[in-house]
Amino acid sequence: MITLENVTKTYSGNIGLEDASIHIDKGDFVFLVGPSGAGKSTFIRLLLKEIDADSGSIIVDGQEVTRLSNREIPLLRRKIGIVFQDFRLLPKKTVYENVAFAMEILHKSKKQIRKRVPQALALVGIPDMGDKYPDELSAGEQQRVAIARAIINKPSLLIADEPTGNLDPTTADDIMDLLNKINMSGTTIVMVTHAKDIVDKMNKRVIAIESGHIVRDEQGQYGYEQAQDDVKEEVFDDAYDRL
């Protein structure tokens, strides 16, 4: 799904990433951790081709990103959903309109939008909030809208950049449960976070970056077996497939 081979990116002599090699399989859930300025944002921006590597190879979902023309970049980004710490919802649009907007920019039909937006809102647990505006929602509800918007076009990769950073612990756990279910439905997730407690609870793969170098790539140190309701997971999978 994602492969970096000997990738280097510098900024006026400062190291963003240096000789980094990473492989992430389709369907993986990976935490990207490290101190501020370590290279996490550089990694994400390279995947999106917001910046170009100085050297090395970057492959995302079968595409060699480093060779893409400007015309091809939008096609790459259509495969990627993004969730931010600060939600980035459009304040003058309703919840429904915020999620629909992600389909409108891809020129989806009104019929498709009317069908899929309610399904996405139900999937993230806010089926009755379509007519509300962002400032009428709690932080957790706003993040659910942001996730609905990110998955509405069925991306193969979901990038979550500190998605729990503005949330209380209970709400953060709810959002992580939702992201885990999305991952179990087949979406690859790369999540940037400083939240050690979340990383430890989830017991997923952890890639640690320091000063532009990969210093750790292994399963989370601490983990627990989370009880799973097979029936609920099947219902979620079916609903996600229908989006």
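**Close-up 1. Asp135 and its acidic surroundings in the predicted model.** Asp135 is exposed, its relative accessible area being 69%. This residue belongs to the loop that joins helix H4 (110-123) to helix H5 (139-151). Together with Asp128, Asp131 and Glu136, Asp135 forms a negative surface patch.

**Close-up 2. Helix H4 and its positive patch.** Lys110, Lys111, Arg114 and Lys115 form a patch of positive charge on the surface. Lys115, a residue of helix H4, is exposed at 54% relative accessibility. By contrast, Ile113, Arg116, Val117, Ala120, Leu121 and Leu123 of H4 are buried. The 14 residues of H4 span 20 Å from the first C-alpha to the last, close to the 20 Å expected at 1.5 Å a residue. Just after H4, Gly125 adopts a positive phi of about 90°.

**Close-up 3. The salt bridge between Arg205 and Asp28.** The side chains of Arg205 and Asp28 meet at 3.4 Å, N to O. Arg205 lies in strand E9 (residues 205-210) and Asp28 in the loop between strand E2 (14-24) and strand E3 (29-33), so this pair ties together parts 177 residues apart in sequence. Arg205 is buried at 17% relative accessibility, whereas Asp28 is partly exposed at 22%. Asp28, Arg205 and Asp217 are linked in a network of salt bridges.

**Close-up 4. Salt bridges within helices H6 and H7.** In helix H6 (residues 169-184), Asp177 and Lys181 are four residues apart, about one turn of the helix, and their side chains form a salt bridge at 3.5 Å, N to O. Asp177 is partly exposed at 29% relative accessibility. In helix H7 (residues 196-202), Lys196 and Asp200 are likewise four residues apart; the closest N and O atoms of their salt bridge are 2.8 Å apart. Asp200 is buried, with 14% relative accessibility.

Methods:
Residues numbered from 1 in each chain as written. Predicted model: local features only at pLDDT ≥ 70, side-chain atom pairs only at ≥ 80, totals over all residues. Heavy atoms only, no water. Patch = residues over 30% accessible without salt bridge, like charges linked within 9 Å, V, L, I, M, F, W, Y side chains within 5 Å. Areas by Shrake-Rupley, 256 points an atom, 1.4 Å probe, with all protein chains shown as cover. Salt bridge = Lys/Arg side-chain N within 4 Å of Asp/Glu carboxyl O. Lys, Arg positive; Asp, Glu negative; His and termini not counted. Charge placed at Lys NZ, Arg CZ, Asp CG, Glu CD. Helix = DSSP H or I, 4+ residues; strand = E, 2+ residues; numbered from the N terminus. Buried < 20%, exposed > 50% of the residue type's maximum accessible area, 1.4 Å probe, protein only. Expected span 1.5 Å × (residues − 1).
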